[in-house]
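Work through the exercises below with the structure open. Try each task before reading its solution.

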Amino acid sequence: MTPTVLGDCSQWLSVQGYSPGSAAGIVNLLERFSVWMQVVGAGVDDISEELLGRFVVAERTRDVVCVTAMRSLGTMRRFLRSGGYLGAVAVESGRSTPAQVAVTRWSSWMREYCGLTEKTVVARVHYAAGLLDGLAAADGELDWTRLDASGINAYVIERGRPYGAVARAHIVTAVRCLLRWALSTGHLDRDLAAAILKPAGSSRSLPRGVDAGQVAGLLGACDPVTAIGARDRALVVILVRLGLRAGEAARLRLDDIDWAGGLVKVTGKGRQHVLPLPDDVGQALEAWLRLRMRLRPPALDRAVFVRMNAPRQTMTTSGISGIIARLSGLAGIDPIYAHRLRHTAAMDVLASGGSLAETKELLGHVYTVTTMAYAKVDLASLRELVVRFGQVPR
């Protein structure tokens, strides 16, 4: 590679927020990759995942393996991809089996119509794509008429055999998602999703929130003077007051906050809804964003919550939930994750006299039956719900 490419890498790393020391290690790995390419007679146009794989094998067979350099491989790959030197892996449709084509179309449907993250899409394909293996007819095409309730349940049981209760529940969810896609696209003429049996040990417990003392502990673990502390404090406040999912907090952008109107637009699961911005949430966000403006280098996008370490970019869903778990450890309480703060927001609405409709609006639920899980926790709301249907509990 020419010195220009190495210089571009250094500049890219600086913009990403890497320290000079970390950047030097990554550039060094790129230089070693360049030298190795000369040895094997490869040019810039030959860079591919296969070539990178061969380079990794060569590096790991050295007498002294530089572990630090190998940890930089992912960053080097991102630079090569962003600079156009490494293209995305393309799958030739002519070589794809009908099952692979179906999985590709199902994956696109999950992204576009269900609003699922890439991590969730990959997990559902991992769990459910094997169901299609038994549908191949003599001509290689998929025969969807072979699907029936007994066959689907047999697949779920066999697929979930090595896993625990939580993973088995994910397998059921993934298979149901695949069946709903098949129904919506005309591959099936009947809904088979409801025929899947619940796996043993997967019954849902009541939603669990956190009490005021635990919330105070989480907030007390945040140092509002530091940028990390201000960010974490704003995150706790917005989760416990607005009931956001971790993914919704991760997708929150600066443009989603209407400071003049006191509103915030929440995007999650392919839907959007607008919520009022309480004063305490607005103050916590303002404190964090003011400190963020002083960061050098600045964040690379307009996400509200960004990483403090390089690459300085949007936080992931797991990263946000991990922050809450870390704060609970610092507070000396049992591990708490982001979704329990969402439960807390919903239960606070009911405890203060709010209705199920208000709770549904806060959480952005599409179906009232989803919100009814919180009525089971609040007996007064549950009694009101039963009375509406003409059955007063004894």
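**Exercise 1. Aromatic rings**

Which residues form one aromatic cluster?

Solution. The model is a predicted one. Start with the pairs of rings: the structure holds seven aromatic pairs. Then look for the cluster, which is made up of Trp12, Phe79 and Tyr85.

**Exercise 2. Two helices**

At roughly what angle do the axes of helix α6 and helix α9 cross? Describe the contact too.

Solution. Two packed helices are described by the angle between their axes and the distance between the axes.

Step 1. Find the helices: α6 covers residues 98-112 and α9 covers residues 165-184.

Step 2. Their axes come within 10 Å and cross at roughly 95 degrees.

Step 3. Angles of 65 to 115 degrees count as roughly perpendicular, so α6 is roughly perpendicular to α9.

Step 4. List the residues in contact. Helix α6 contributes Ala102, Arg105, Trp106, Trp109 and Met110. Helix α9 contributes Ala174, Cys177, Leu178, Arg180, Trp181 and Ser184.

Step 5. Sort the residues of this contact by type: eight are nonpolar, one is polar and two are charged.

**Exercise 3. A sheet**

In what order do the three strands of the open sheet lie? Identify the edge strands.

Solution. Step 1. The order is β1-β2-β3, with antiparallel pairing.

Step 2. The edges are held by β1 (257-258) and β3 (271-276). Each has a single partner strand, so one side of each is left without a neighbour in the sheet.

Step 3. Look at how β1 is joined to β2 (residues 263-268): there are two bridges, and the strands run antiparallel. Aspartate 258 has leucine 263 of β2 as its bridge partner.

**Exercise 4. Two residues in helices**

Are serine 321 and asparagine 153 buried or exposed? Find the contacts of each.

Solution. Step 1. The cut-off needed here is that buried means under 20% relative accessible area.

Step 2. Serine 321 has 17% relative accessibility, so serine 321 counts as buried. Asparagine 153, at 13% relative accessibility, therefore counts as buried.

Step 3. Place both residues. Serine 321 belongs to helix α14 (residues 317-330), and asparagine 153 to helix α8 (residues 149-159).

Step 4. Leave aside neighbours within four places in sequence. Serine 321 is then in contact with Tyr337 and Ala338. Under the matching condition, asparagine 153 is in contact with Ala195, Ile196 and Leu197.

Step 5. Check a distance as well: asparagine 153 and lysine 198 are 45 residues apart along the chain, and their C-alpha atoms are separated by 9.4 Å.

Definitions and conventions: Residues are numbered from 1 along each chain as its sequence is written. This is a predicted model: local features need pLDDT of at least 70, side-chain atom pairs count only at pLDDT 80 or more; totals for chains, interfaces and linings use all residues. Side-chain values use heavy atoms; hydrogens and water are left out. Rings of Phe, Tyr and Trp (its six-membered ring) pair if their centres lie within 6.5 Å; planes under 30 degrees apart count as stacked, over 60 as edge-to-face and the rest as tilted. Axes are lines fitted to C-alpha atoms, for helices over the stretch in contact, and angles run from 0 to 180 degrees between N-to-C directions. Helices (H or I, at least four residues) and strands (E, at least two) are DSSP runs, numbered from the N terminus. Angles under 35 degrees count as roughly parallel, over 145 as roughly antiparallel, 65 to 115 as roughly perpendicular and the rest as oblique. Contact means heavy atoms within 4.5 Å. Ala, Val, Leu, Ile, Met, Phe, Trp, Tyr, Cys and Pro count as nonpolar, Asp, Glu, Lys and Arg as charged, and the others, Gly among them, as polar. Two strands pair if DSSP finds at least two bridges between them. Buried means under 20% relative accessible area, exposed over 50%, partly exposed in between (1.4 Å probe, protein chains only).
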